[in-house]
Amino acid sequence: MRFTEDLPKVETLQSPRKAGTEYHDINEDGKDMTQKICILPGDGIGPEITAQAVRVLEALEPGFEMETALLGGAAVDATGDPYPEATRKLAAEADAVLLGAVGGPKWDALPREQRPERGLLGIRKHLGLFANLRPAILYPELANASTLKPEVVSGLDILIVRELTGDIYFGQPRGIENRNGERFGFNTMHYTESEIRRIGRVAFEAAGKRNKKLCSVDKMNVLETTQLWRDVMNELAPEYPDVVLSHMLADNAAMQLVRAPRQFDVLVTGNMFGDILSDEASMLTGSIGMLPSASLDGNGKGLYEPSHGSAPDIAGRDAANPLAAILSAAMMLRYTFNKEEAACRVENAVKKVLARGLRTGDIFEPGMTKAGTKQMGDAVLEELG
Ligand code: NAD
């Protein structure tokens, strides 16, 4: 076996910058240490929901320097490129990126390289974001939103860590060819041990900050690549003695997520299984407008975005739920800026808004108070004090 890639070792999820640095903080070498955030509102409901997340960040941390740029369909309209040069530059310079969502029917007929989704893939690749973190939290107030029984899911709080840049989605060779007189489709699954180790470290670190239980998901009974995955996870475990590591086959994990999801704290898995399991986990909560996500480079930089899309059906109507975007900003505070207390303040403010009975259309139930996007943002700001 040959391992050719020499990937940078990922030691920590924490930003190299110190917590609490001030606006235009100049360090002893005269270097500007200002904390910069690139805001990419995107398309559809993106601008409406990111506006609320920006208000929250401004209220909490007036020292952040925020600059807005174009991504997705909005960028195609303005420049012909879904990830234009000016956005690339800003994203590269920033410590963190806050993204709304991209896409919509207006751009569906464009050639593939001009589609808004290309912008999203482009920025993930450009910034080297290999770790996708998706929490699935079911607030007790929203227990009825899940299709599962409230007693099975109420209080659910799991984190899926998905490897984002390898696996069968990127493996070569791939294609569809004519062989022996018929069409033949093929893809290649592979991981290097360094790729597995760096995502493993992200997952162990994340579990260490939570309930210290990490379940690694593979299919080692049939796939050699995932036997290596399991071996490397086991090799890492002694470095994290406070985290309990377990393993589960992907088919069983899919079943356990609907049978008894609260058994999990952090799940770590490869790109393809993670794609499927993170969608399954998010649907346990029944409310896509509530789910944030983070994609990290392992050195503190991250792209933070809601798990949902651009919802063109409700765009421009002040009807979108901004809480996933606001909770994405909380993840940014935690994972890039190492401001755990500020992140918890945002999350608690969201809980209080739900406890007050305010609901956007996607999570509305009889007896609750219907609120628009901006009204939800106002309420979170009020709860933050
Ligand atoms: P979607 O997530 O945009 O919408 C699915 C359903 O959920 C819709 O009924 C929508 O109104 C609702 N919804 C989504 N977010 C909501 C919110 N915050 N508040 C209230 N309701 C919300 O998925 P889709 O309809 O399959 O895709 C629409 C567009 O978004 C497509 O162009 C797709 O390619 C794109 N998309 C982008 C991303 C991204 O930017 N990361 C992710 C998924 C889909």
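Is Glu-93 buried, exposed or partly exposed? Its relative accessibility is 47%, and the classes are buried under 20% relative accessible area, exposed over 50% and partly exposed in between, with a 1.4 Å probe and protein chains only. Glu-93 therefore counts as partly exposed.

The model is predicted: local features need pLDDT of at least 70, side-chain atom pairs count only at pLDDT 80 or more, and totals for chains, interfaces and linings use all residues. Residues are numbered from 1 along each chain as its sequence is written, and side-chain values use heavy atoms, with hydrogens and water left out.

**Exercise 1. Describe the salt bridges of Glu-93, Arg-197 and Asp-157.**

Step 1. Apply the rule: a side-chain nitrogen of Lys or Arg within 4 Å of a carboxyl oxygen of Asp or Glu. The count comes to 20 salt bridges.

Step 2. Take Glu-93, whose side chain meets that of Lys-89 with an N to O distance of 3.1 Å. The two residues are four apart in helix H3 (residues 85-93), which means that about one helical turn separates them. Helices (H or I, at least four residues) and strands (E, at least two) are DSSP runs, numbered from the N terminus. Lys-89 is exposed, at 53% relative accessible area.

Step 3. Take Arg-197, which meets Glu-193 at 2.7 Å, N to O. These two are also four residues apart, in helix H6, and separated by about one helical turn. Arg-197 is partly exposed at 27%, and Glu-193 is partly exposed at 25%.

Step 4. Take Asp-157, which forms a salt bridge with Arg-210, with the closest N and O atoms 3.3 Å apart. Asp-157 lies in strand S5 and Arg-210 in the loop between helix H6 (193-208) and S8, so this pair ties together parts that are 53 residues apart in sequence. Asp-157 is partly exposed at 35%, as is Arg-210 at 23%.

**Exercise 2. Give the strand order of the open sheet and place helices H8 and H9 on the strands.**

Step 1. Use the pairing rule: two strands pair if DSSP finds at least two bridges between them. The open sheet has 10 strands in the order S2-S1-S3-S12-S11-S4-S5-S10-S8-S9, with mixed pairing.

Step 2. Find the edges. Strand S2 (65-68) and strand S9 (244-249) each pair on one side only.

Step 3. Read the twist. Neighbouring strands are turned by 20° against each other on average, direction ignored. Axes are lines fitted to C-alpha atoms, for helices over the stretch in contact, and angles run from 0 to 180 degrees between N-to-C directions.

Step 4. Take one pair. Strand S8 (residues 213-218) and strand S10 (residues 266-269) are parallel, over three bridges, and Ser-216 has Val-268 in S10 as its bridge partner.

Step 5. Add the helices, where contact means heavy atoms within 4.5 Å. Helix H8 (residues 250-259) lies across strand S5 (157-163), S8, S9 and S10, at about 100° to S9. Helix H9 (residues 271-284) packs on the sheet and touches strand S4 (131-137), S5, S8 and S10, with its direction at about 155° to that of S5.

**Exercise 3. Characterise strand S11 and its partners.**

Step 1. Check burial. Five of the five residues of strand S11 (residues 292-296) are buried. Pro-292, Ala-294 and Leu-296 point one way, while Ser-293 and Ser-295 point the other way.

Step 2. List the partners. S4 pairs with S11 in the antiparallel sense over three bridges, and Leu-133 stands opposite Ala-294. Strand S12 (residues 302-306) runs antiparallel to S11 and is joined to it by five bridges; here Ser-293 stands opposite Glu-305.

Step 3. Inspect the turn. S11 and S12 form a hairpin with five residues between them, and Gly-298 in the turn has a positive phi of about 85°.

**Exercise 4. Locate the largest nonpolar core relative to the domains.**

Step 1. Define the set: buried Ala, Val, Leu, Ile, Met, Phe, Trp, Tyr and Cys residues joined through side-chain atoms within 4.5 Å. The largest core has 88 residues, and those touching the most other members include Leu-98, Leu-133 and Tyr-304. Helix H10 (residues 323-335) gives the most, with 10 residues.

Step 2. Compare with the domains, whose bounds come from an automatic or database domain assignment. Domain 1 (19-130 + 297-385) and domain 2 (138-287) both give residues to this core, so the core lies between them.

Step 3. Describe the domain pair. The C-alpha centres lie 25 Å apart, and 12 residues of domain 1 are in contact with 13 residues of domain 2.
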